[in-house]
Amino acid sequence: MAAAASTSTAAAAVLIHRLPASKLAAVLSPLPNRQSLYSPQLRQLKGPTRYPGVLVKASSSDESSLDSNELFADLKEKWDAIENKSTVLTYGGGAIVAIWLASVVVGAVNSVPLLPKILELVGLGYTGWFVYRYLLFKSSRKELVEDIEEVKKKITGTE
């Protein structure tokens, strides 16, 4: 087997020296030359490609259409109904600043080499504990539902 391999290598070496440069690439290339996706031949295809198994139909329905004028009118009515506009703007601006600050903090934590993996392990551990504590058994699921209802009552002020 080794003798056959060395013989084919020697024959290839002899052919390489005798072939012109244009044929040399064809001999050495194990695969045929492929057209690039950006080559001019592929860009100038005639007509769109069709897939007979895929059929898409577009339809218009007045029921699901959203009128932009109606949307803006509703938003204007709601804005006009607000009594304290400065408070709404302050809370909105504060929310935007809080989201930006959280993004900066997450980016800084993510740049520390081992900290993201450690926090991922902590999250997986907490998720496992939460599943074991509240979701695995029927009695603990009832307890979780009761706790959620209690928090809802506190938030809405019905308690």
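**Exercise 1.** Which residues does F130 touch, not counting residues up to four places away in sequence?

*Solution.* The model is a predicted one. Begin by placing the residue: F130 is found in helix 6. Next, set aside neighbours up to four places away in sequence; the residues that F130 touches are then L135 and L144. Finally, consider accessibility. F130 has a relative accessible area of 27%. Since buried requires under 20% and exposed requires over 50%, F130 is partly exposed.

**Exercise 2.** Describe the aromatic pair formed by F130 and Y134, and state whether Y134 is buried or exposed.

*Solution.* First, locate both rings: F130 and Y134 lie in helix 6, 4 residues apart, which is about one turn of the helix. Second, take the geometry. The ring centres of F130 and Y134 are 5.1 Å apart, and the planes make an angle of 45°. An angle under 30 degrees would count as stacked and one over 60 as edge-to-face, so this pair is tilted. Third, turn to accessibility: Y134 has a relative accessible area of 15% and is therefore buried. A further feature concerns the ring of Y134, because the charged end of R133 sits over that ring, 4.8 Å from its centre.

**Exercise 3.** Characterise the pair formed by Y126 and W129, and identify the cluster to which these residues belong.

*Solution.* Start with the total: the structure holds 5 aromatic pairs. One of them joins Y126 and W129, with 5.5 Å from centre to centre and 35° between the planes, a tilted arrangement. Now consider the spacing. Y126 and W129 are 3 residues apart in helix 6 (residues 115-135), and are therefore separated by about one helical turn. The accessibilities follow: Y126, at 52%, counts as exposed, whereas W129, at 42%, counts as partly exposed. As a last step, assemble the cluster: ring pairs link Y126 and W129 with F130 and Y134.

**Exercise 4.** Establish the surroundings of S140, and determine whether this residue is buried or exposed.

*Solution.* Step one is location: S140 is found in helix 7 (residues 138-156). Step two is accessibility. The relative accessibility of S140 is 6%, and because the limit for buried is under 20%, S140 counts as buried. Step three is contacts: not counting residues up to four places away in sequence, S140 touches R133, Y134 and L135. Step four is polar geometry: a polar atom of the S140 side chain lies 3.4 Å from the backbone oxygen of R133. R133 thus appears twice in this set of exercises, in contact with S140 and with its charged end over the ring of Y134.

**Exercise 5.** Relate the annotated transmembrane regions to the helical content of the chain.

*Solution.* Consider the whole chain before its parts. The protein chain has 7 helices and 0 strands. Of its 159 residues, 3% count as buried. The accessible surface of the chain comes to about 15,000 Å², of which 65% belongs to carbon and sulfur atoms.

Next, consult the record: in the unreviewed UniProt entry, the annotation "transmembrane region" covers residues 88-108 and 114-132. Compare each span with the model in turn. Residues 88-108 are 100% helix and 0% strand, and their end C-alpha atoms lie 30 Å apart. Residues 114-132 are 95% helix and 0% strand, with 27 Å between the end C-alpha atoms.

Technical notes
Residues are numbered from 1 along each chain as its sequence is written. This is a predicted model: local features need pLDDT of at least 70, side-chain atom pairs count only at pLDDT 80 or more; totals for chains, interfaces and linings use all residues. Side-chain values use heavy atoms; hydrogens and water are left out. Helices (H or I, at least four residues) and strands (E, at least two) are DSSP runs, numbered from the N terminus. Buried means under 20% relative accessible area, exposed over 50%, partly exposed in between (1.4 Å probe, protein chains only). A polar contact is a pair of N or O atoms within 3.5 Å; within protein, one must be able to donate a hydrogen and the other to accept it, and residues adjacent in sequence count only if both atoms are side-chain atoms. Contact means heavy atoms within 4.5 Å. Rings of Phe, Tyr and Trp (its six-membered ring) pair if their centres lie within 6.5 Å; planes under 30 degrees apart count as stacked, over 60 as edge-to-face and the rest as tilted. A charge sits over a ring if NZ of Lys or CZ of Arg is within 6 Å of the ring centre and within 35 degrees of the ring normal. UniProt positions are given in the numbering used here, feature names are shortened, and annotations may be inferred rather than shown by experiment. Accessible areas come from the Shrake-Rupley method with a 1.4 Å probe; for residues, only the protein chains shown count as cover.
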